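Reader: I have a structure in front of me and would like to go through it by question and answer. Where should we begin?

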Amino acid sequence: MRFSAVSPYNAVAKASLPEKIVIYDSTLRDGEQMPGVHFTLEQKISIARKLDAVGVHQIEAGFPAVSEAEKDAVKKIASLGLGADVLCLSRALKQDIDAAIECDVDMVLLIIATSDLHLRYKLKMTREQVLDKAVQAVEYAHAHGLKASMSSEDSTRSDMSFMAEMLSKCEQAGAARLGITDTLGCGGPEAIHYIISKMNEKSKLPLSAHLHNDFGLATINSISALGAGAEAIATTVGGIGERAGNVSLEQFVMALKHLYKRDVGIKTEGLTDLTRLVFESAKLPLPANQPWVGPNAFSHESGIHVAAVLSCPMTYECVNPEEVGNRRRLVLGKHSGTHIVKSRLDEKGVSASQEQICDIVRAIKRAGEEHGRVSDEEFWTIVKDVTGRPELNPDCLEKKG
Ligand code: MN
């Protein structure tokens with residue numbers, strides 16, 4: 001079904017995005033760095049397999065330098081024979097790169113800070129020392145036959161010319177990809193566009209962006225990065241990660257697919273299951289209003305919305321819930337109207353007069369005002385009460401049609 005072809009939703013000119021778009025998912029690395037989150041080896045393997053099954057192109061499996069167990073997990077995931085490339089994080093240090101070599105990953109994600117703040121208070125290094133270390137790290141990986149991507153940490157607060165110098169030197173030293181990171185999530189779409197555009201002018205290599213969500217702009221920043229010519233975007237499932245988290249895989253993929261008409265090969269119908277697996281493994285509650293994958297993403301309670309959705313779901317859903325593996329829920333509560341009651345009764349082949357339906361709605365509204373959502377069980381208790389038919393038992397009633 002197609003409606004107006006000239007609505008803003010359909011007709012506004014789209015940013016031109018590059019031919020190739022790569023998703024490198026960091027749920028197992030930055031996602032696990034979310035305070036309080038820990039995945040067991042078994043959970044990591046399940047998550048890696050599921051990421052692979054939905055079609056994520058690259059999996060950042062961990063940071064081997066963290067611990068022996070972390071290194072073993074990365075090694076194990078790299079040996080699963082997944083379709084996705086397996087990557088791992090590494091500081092610009094020989095021992096970190098040795099661990100990546102031992103894990104036999106497809107590419108190592110090297111990172112070194114370029115902001116003066118990080119140089120002074122974290123690395124306690126001069127710019128010259130950072131340049132040397134970065135170049136040595138790339139050369140070392142390169143000499144050992146390991147593909148290396150080099151990213152500047154805290155790019156959005158770095159002196160652009162120094163950051164560009166570091167990355168250019170790494171390109172000359174044999175890096176396979178260059179990355180910028182909005183480590184603090186403090187760049188807006190224009191800043192991200194500017195940095196990537198400038199790097200694109202200087203470099204022939206594919207560029208990546210690792211972006212945080214502190215201002216809630218991670219998704220639009222990722223689109224902005226692509227618009228400026230970045231190729232690879234780091235995501236995490238449900239946007240989990242340090243502080244306010246990262247670019248959410250689901251939001252990024254669905255925005256590309258629907259707002260920019262770009263299919264990047266992700267089997268979107270697996271996204272809700274994948275998110276549930278990650279949140280359960282992380283012992284995190286999945287927010288009800290999580291876009292696409294949350295329980296409320298396709299829930300409707302208000303009488304006006306429910307009546308319209310029963311007539312045509314597109315009135316209040318711009319995507320079919322099955323497309324992301326979620327489902328529609330028509331919820332009973334204080335905002336309910338007659339349509340949902342009629343539809344529930346019809347489903348079970350129960351007839352009621354218009355007056356009874358109005359009484360049922362009134363009782364639902366009262367219950368909803370007392371305690372919020374009205375359960376199925378409560379609904380049928382109300383129906384029995386109002387109709388005076390205590391024998392009604394929804395489990396035994398035939399589904400009509
Ligand atoms: Mn990060």
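**Helices, metal site and loops**

Author: The model is a predicted one. A first point concerns helix H15, whose buried residues are Ile357, Ile360, Val361, Ala363, Ile364, Ala367 and Gly368.

Reader: Within what arc do the buried residues of H15 fall, seen down its axis?

Author: The buried set includes Ile357, Val361 and Ile364. These buried residues line one face of the helix, because the view down the axis of H15 places them within an arc of 165°.

Reader: Which residues of H15 are exposed on the other side?

Author: A residue counts as exposed when its relative accessible area is over 50%. On the side of H15 away from the buried residues, those that are exposed are Glu355, Arg366, Glu369 and Glu370.

Reader: What span should H15 have, and how far apart are its end C-alpha atoms?

Author: H15 covers residues 354-371, which is 18 residues. The expected span at 1.5 Å a residue is 26 Å. This agrees with the model, because the end C-alpha atoms of H15 are also separated by 26 Å.

Reader: Which helices do the buried residues of H15 pack against?

Author: The residues concerned include Ile360 and Ala363. Their packing partners are two helices, spanning 338-347 and 376-387. By name, these are H14 and H16.

Reader: Are H14 and H16 roughly parallel or roughly perpendicular to each other?

Author: The axes of these two helices come within 12 Å and cross at roughly 90°. Angles of 65 to 115 degrees count as roughly perpendicular. H14 and H16 are therefore roughly perpendicular.

Reader: Which residues make the contact between H14 and H16?

Author: H14 contributes Val341, Arg344 and Leu345. From H16 come Asp376, Phe379, Trp380 and Val383.

Reader: Which residues coordinate the manganese ion?

Author: The donor atoms are one OD and two NE2, at 1.9 to 2.2 Å. In sequence the donor residues follow the spacing D-x179-H-x1-H. The residues are Asp30, His210 and His212.

Reader: How many residues apart in sequence are the parts that Asp30 and His210 tie together?

Author: Asp30 belongs to helix H2 (residues 27-31), whereas His210 belongs to strand E7 (residues 207-211). The pair therefore ties together parts whose separation in sequence is 180 residues.

Reader: Are Asp30 and His210 buried or exposed?

Author: The cut-off for buried is a relative accessible area under 20%. Asp30 has a relative accessibility of 2%, so Asp30 counts as buried. His210 has 6%, so His210 too counts as buried.

Reader: Strand E7 also holds Ser208. How far is Ser208 from Gly368 in space?

Author: Ser208 is buried, with a relative accessible area of 1%. Its contacts beyond four places in sequence include Tyr24, Ser151 and Arg177. Gly368 is 160 residues away in sequence, and the C-alpha to C-alpha distance between Ser208 and Gly368 is 49 Å.

Reader: Which residues of helix H4 are buried, and within what arc do they fall?

Author: In H4 (residues 68-78), the buried residues are Glu70, Lys71, Ala73, Val74 and Ile77. What covers them includes H2, helix H3, strand E3 and helix H5. On the other side of H4, Glu68 and Ala69 are exposed. The buried residues of H4 line one face of the helix, because seen down its axis they fall within an arc of 160°.

Reader: Is His300 buried or exposed?

Author: His300 is in strand E9 (residues 299-300). Its contacts beyond four places in sequence include Val306, Tyr316 and Arg328. With a relative accessibility of 6%, His300 counts as buried.

Reader: What distance separates the C-alpha atoms of Tyr316 and Val306?

Author: Tyr316 sits in the loop between helix H13 (303-311) and strand E10 (329-330). At 38% relative accessibility, Tyr316 counts as partly exposed. Tyr316 and Val306 are ten residues apart along the chain, and their C-alpha atoms are separated by 8.7 Å.

Reader: What is the phi of Lys124, and what is that of Arg243?

Author: Lys124 lies in the loop between helix H6 and helix H7, and counts as exposed at 63% relative accessibility. Arg243 lies in the loop between strand E8 and helix H11, and is partly exposed at 43%. Neither is a glycine. Phi is positive in each, near 50° for Lys124 and about 50° for Arg243.

Note on methods:
Residues numbered from 1 in each chain as written. Predicted model: local features only at pLDDT ≥ 70, side-chain atom pairs only at ≥ 80, totals over all residues. Heavy atoms only, no water. Donors = N, O, S within 2.8 Å, 3.2 Å for Na, K, Ca; no water. Helix = DSSP H or I, 4+ residues; strand = E, 2+ residues; numbered from the N terminus. Buried < 20%, exposed > 50% of the residue type's maximum accessible area, 1.4 Å probe, protein only. Expected span 1.5 Å × (residues − 1). Arc of directions from axis to C-beta. Contact = heavy atoms within 4.5 Å. Axes fitted to C-alpha atoms, helices over the stretch in contact; angles between N-to-C directions. Parallel < 35°, antiparallel > 145°, perpendicular 65-115°, else oblique.
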